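Let's take a walk through this model together, strand by strand and then side chain by side chain. Keep the viewer open as you read.

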Amino acid sequence: VQLQASGGGLVQAGGSLRLSCAASGSGRTFMNFHGGWFRQAPGKEREFVAAISRSGYGSSTRYADSVKGRFTISRDNPLNTVTLQMDSLKPEDTAVYYCAVTQVLWSYVDSEQYYTNWGQGTQVTVSS
């Protein structure tokens, strides 16, 4: 599975951005992967942002506490995409955002070590 992230940019605090992650080369297998978003701010380690379950898990989602209530993750399996809608953005959301997929148990979807395929990253900058 190859992943391509897009949708980053510069936005003022309080604004919104929509990130998209398109999977290719997966055929029907994309629906068998959990989809996740991670981010890495300058000088910091990469951290979990959100995840959405694969088919058969009832479209479960999980969010980092820092983005809960502001970000929404969704997926479109026929289109092989995972989307991250980011609202009420804050300067501390500034980071490079990465999409990734995994087939690990749902309990571990917030751990980047279990993700097998990664997109190239897209820059999100939130000005104050």
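**Strands, core and a salt-bridge network**

Strand 3 and strand 8 run antiparallel to each other and pair over 6 bridges. Within that pairing, look for Leu19, which stands opposite Leu84 in strand 8. Please keep in mind throughout that this is a predicted model.

Strand 8 has a second partner to visit: strand 7 also pairs with strand 8 in the antiparallel sense, over 6 bridges. Here Ile73 is the residue that stands opposite Leu84. The hairpin of strand 7 and strand 8 has 4 residues between the strands, and in it Asn80 takes a positive phi near 55 degrees.

Are the residues of strand 8 buried or exposed? The strand is mostly covered, with 6 of its 6 residues buried. Thr81, Thr83 and Gln85 point one way, while Val82, Leu84 and Met86 point the other way, and all of them are buried.

Strand 1 (residues 2-6) makes a nice contrast. One face, formed by Leu3 and Ala5, is covered, whereas the other, with Gln2, Gln4 and Ser6, is uncovered. Strand 1 pairs with strand 3 (residues 17-24) in the antiparallel sense over 5 bridges. In this pairing, Ala5 stands opposite Cys21 in strand 3.

From Cys21 you can step across to Gly35, a residue of strand 4. The C-alpha atoms of Gly35 and Cys21 are 9.1 Å apart in space, with their positions 14 residues apart in sequence. Gly35 counts as buried because its relative accessibility is 2%. Beyond its neighbours within four places in sequence, Gly35 is in contact with Ala50, Ala51, Ile52, Ile73, Arg75, Val82, Ala100 and Val101.

Now for the interior. In soluble globular proteins, nonpolar side chains tend to be buried together. In this model the largest nonpolar core has 37 residues, and those with the most contacts inside it are Trp37, Val49, Phe71, Ile73, Leu84, Met86 and Tyr97. Which elements give two or more residues to this core? They are strand 1, strand 3, strand 4 (34-40), strand 5 (47-52), strand 7 (71-76), strand 8 (81-86), strand 9 and strand 11 (122-127).

Phe71 is a good place to pause. Leaving aside neighbours within four places in sequence, Phe71 is in contact with Val49, Tyr63, Leu84, Met86, Leu89 and Tyr97, among others. Its contacts also include Arg39, Gln85, Asp87 and Asp93, and two of these names, Arg39 and Asp93, lead us to the charged side chains.

Side chains of opposite charge can pair when their charged atoms come close. The structure holds 5 salt bridges, and Arg39, Glu47, Arg70 and Asp93 are linked in a network of them. Start at Arg39, whose side chain meets that of Glu47 in a salt bridge (2.7 Å, N to O). Arg39 counts as buried because its relative accessibility is 6%. Glu47, with a relative accessible area of 36%, is partly exposed.

Arg39 also forms a salt bridge with Asp93, where the closest N and O atoms are 2.9 Å apart. This pair links distant parts of the chain, with Arg39 in strand 4 and Asp93 in the loop between strand 8 and strand 9, 54 residues apart. Asp93 is buried, at 1% relative accessibility.

The remaining member of the network is Arg70, which forms a salt bridge with Asp93, the closest N and O atoms being 2.7 Å apart. Arg70 lies in the loop between strand 6 (61-63) and strand 7, and Asp93 in the loop between strand 8 and strand 9, so this pair ties together parts that are 23 residues apart in sequence. Arg70 is buried too, with 10% relative accessibility.

Finally, turn the model to look at its surface. Which residues make a nonpolar surface patch of about 300 Å²? The patch is made by Leu105, Tyr108 and Tyr114. Tyr108 lies in the loop between strand 9 (95-102) and strand 10 (117-118). Tyr108 counts as partly exposed because its relative accessibility is 39%.

Definitions and conventions. Residues numbered from 1 in each chain as written. Predicted model: local features only at pLDDT ≥ 70, side-chain atom pairs only at ≥ 80, totals over all residues. Heavy atoms only, no water. Buried < 20%, exposed > 50% of the residue type's maximum accessible area, 1.4 Å probe, protein only. Pairing = 2+ DSSP bridges. Patch = residues over 30% accessible without salt bridge, like charges linked within 9 Å, V, L, I, M, F, W, Y side chains within 5 Å. Areas by Shrake-Rupley, 256 points an atom, 1.4 Å probe, with all protein chains shown as cover. Salt bridge = Lys/Arg side-chain N within 4 Å of Asp/Glu carboxyl O. Core = buried A, V, L, I, M, F, W, Y, C linked by side-chain atoms within 4.5 Å. Contact = heavy atoms within 4.5 Å.
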